[in-house]
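Biologist: I should like to learn how to read a structural model, beginning with its charged pairs. Please give the general idea and then the case at hand.

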Amino acid sequence: MHAGPVDTDMASELTLPKVRPIDVVRQVLSAVEAGRDEVLVDDMTRQVKAGLSDREGIYLNFDPEHAVVAAR
């Protein structure tokens, strides 16, 4: 799950848009039910992801044994 600022006490002084906690929970539960590996809960995280790469994140299919061999 990836999220920008969530409207909690910790982010209460931020003046930028925040996602409501209930919206985060709903999206995450929906993704779990659908078997999705990744949840981008707000526009900020969707824009960041779009600006990074079109490829699936390596952490979703990370193989530590392959990483050790590749590093040698």
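Biologist: How many salt bridges does the structure hold?

Modeller: A salt bridge is a side-chain nitrogen of Lys or Arg within 4 Å of a carboxyl oxygen of Asp or Glu. This predicted model holds three of them. As to conventions, residues are numbered from 1 along each chain as its sequence is written, and side-chain values use heavy atoms, with hydrogens and water left out. Because the model is predicted, local features need pLDDT of at least 70 and side-chain atom pairs count only at pLDDT 80 or more, while totals for chains, interfaces and linings use all residues.

Biologist: Which parts does the pair Lys49 and Glu38 tie together?

Modeller: The side chains of Lys49 and Glu38 meet at 2.8 Å, N to O. Lys49 belongs to helix H2 and Glu38 to the loop between H1 and H2, so this salt bridge ties together parts eleven residues apart in sequence. Helices are DSSP runs (H or I, at least four residues), numbered from the N terminus. By contrast, Arg46 and Asp43 both lie in helix H2, three residues apart, about one turn of the helix; their salt bridge spans 3.0 Å, N to O. Arg20 and Asp23 also form a salt bridge, at 3.0 Å.

Biologist: Is Asp42 buried or exposed?

Modeller: Buried means under 20% relative accessible area, exposed over 50%, and partly exposed in between (1.4 Å probe, protein chains only). Asp42, in the loop between H1 and helix H2 (43-52), is buried yet has no salt bridge. The nearest side chain of opposite charge, Arg46, is 5.9 Å away; here Lys and Arg count as positive and Asp and Glu as negative, with His and the chain ends not counted. Contact means heavy atoms within 4.5 Å, and leaving aside residues up to four places away in sequence, Asp42 touches Ala3, Gly4, Pro5 and Val19.

Biologist: Which residues make up the largest nonpolar core?

Modeller: In soluble globular proteins, nonpolar side chains tend to be buried together. A nonpolar core is a set of buried Ala, Val, Leu, Ile, Met, Phe, Trp, Tyr and Cys residues joined through side-chain atoms within 4.5 Å. The largest one here comprises five residues: Val19, Val24, Ala31, Val39 and Val41. Beyond four places in sequence, Val39 touches Met1, His2, Gln27, Val28 and Ala31.

Biologist: How much of the chain is buried?

Modeller: Of its 72 residues, 17% count as buried. The chain has three helices and zero strands (E, at least two residues).
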